[in-house]
Amino acid sequence: RTQAPAFHYELGKRLAPLRDEGVLIVGSGNVVHNLRAVRWEPGSAAYDWAESFNASVRECLTGRNHGPLVEYESFGRAAQLSVPTPDHYLPLLYVSALQQQGEALTLPVDGIENGAIGMLCAAVGLDLPA
């Protein structure tokens, strides 16, 4: 059984001292990840629910508002469809938990492919172009 999202966020916070030792911590996944809804036609438009959830997550990340990211189910149907299983979403909680006070968070990759696969990528502690 998968631990609650809050468990993963708090564990991410506990990993923060590793950054002081030069350890790079990487979270890999897709914020929106619904393979059952994938549109295989080239150039397929994103579903409204996928765009909505991706935008909400982006707004929370850039606004340093991590609470709704932990309680992502509160985004309703968009969250249910975007995160049918949490395995691809949970790495985002580790990255957001590692953001230090006053530290910038960059989004080096964004966008939705095949209607239902979000490519949003968040990074902290790296000198990446915005």
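## Why these labels? Helices, core and cysteines

Mentor: Pro-5, His-8, Tyr-9, Leu-11, Gly-12 and Lys-13 of helix 1 meet Leu-90, Leu-93, Tyr-94, Ser-96 and Ala-97 of helix 6. Contact here means heavy atoms within 4.5 Å; helices (H or I, at least four residues) and strands (E, at least two) are DSSP runs numbered from the N terminus. This is a predicted model, where local features need pLDDT of at least 70 and side-chain atom pairs pLDDT 80 or more, while totals for chains, interfaces and linings use all residues. Residues are numbered from 1 along each chain as its sequence is written, and side-chain values use heavy atoms, leaving out hydrogens and water.

Trainee: What kinds of residue make up the contact of helix 1 with helix 6?

Mentor: They divide into seven nonpolar, three polar and one charged. Ala, Val, Leu, Ile, Met, Phe, Trp, Tyr, Cys and Pro count as nonpolar, Asp, Glu, Lys and Arg as charged, and the others, Gly among them, as polar.

Trainee: How do the axes of helix 1 and helix 6 cross, and which hand does the crossing have?

Mentor: The axes of helix 1 (residues 5-14) and helix 6 come within 7 Å and cross at roughly 35°. These axes are lines fitted to C-alpha atoms over the stretch in contact, with angles from 0 to 180 degrees between N-to-C directions. The crossing is right-handed: the near helix is turned clockwise from the far one, whereas anticlockwise by less than a right angle would be left-handed.

Trainee: What makes helix 6 "mostly covered"?

Mentor: Eight of its eight residues are buried, where buried means under 20% relative accessible area, exposed over 50%, and partly exposed in between (1.4 Å probe, protein chains only). Those buried residues pack against helix 1, helix 3, helix 4 and strand 4.

Trainee: Why is Phe-53 called buried?

Mentor: Its relative accessible area is 1%, so Phe-53 falls under the 20% limit. Phe-53 is in helix 3, and its partners include Val-31, Tyr-72, Phe-75 and Tyr-89.

Trainee: Which residues have the most contacts inside the largest nonpolar core?

Mentor: Phe-53, Val-57, Leu-61 and Tyr-89 do, in a core of 32 residues. Helix 3 gives the most to this core, with six residues. A nonpolar core is a set of buried Ala, Val, Leu, Ile, Met, Phe, Trp, Tyr and Cys residues joined through side-chain atoms within 4.5 Å. Beyond four places in sequence, Val-57 touches Val-31, Leu-69, Tyr-89, Leu-92 and Leu-120.

Trainee: How many disulfides does the structure hold?

Mentor: Zero. For Cys-60, the nearest cysteine sulfur is that of Cys-121, 17 Å away. A disulfide is a pair of cysteine sulfur atoms within 2.5 Å, so this pair is too far apart for a bond.

Trainee: Are Cys-60 and Cys-121 buried or partly exposed?

Mentor: Cys-60 is at 7% relative accessibility and counts as buried. Cys-121, at 32%, counts as partly exposed.

Trainee: What is notable about phi in Arg-64 and Asn-114?

Mentor: Arg-64 has a positive phi of about 55° although it is not a glycine. Phi of Asn-114 is near 50°, again a positive value in a residue other than glycine. Arg-64 lies in the loop between helix 3 and helix 4, and Asn-114 in the loop between strand 2 (112-113) and strand 3 (117-118).

Trainee: Why is Arg-64 called partly exposed?

Mentor: Arg-64 is at 33% relative accessibility, between the two limits, so the label fits. Asn-114, at 26%, counts as partly exposed too.
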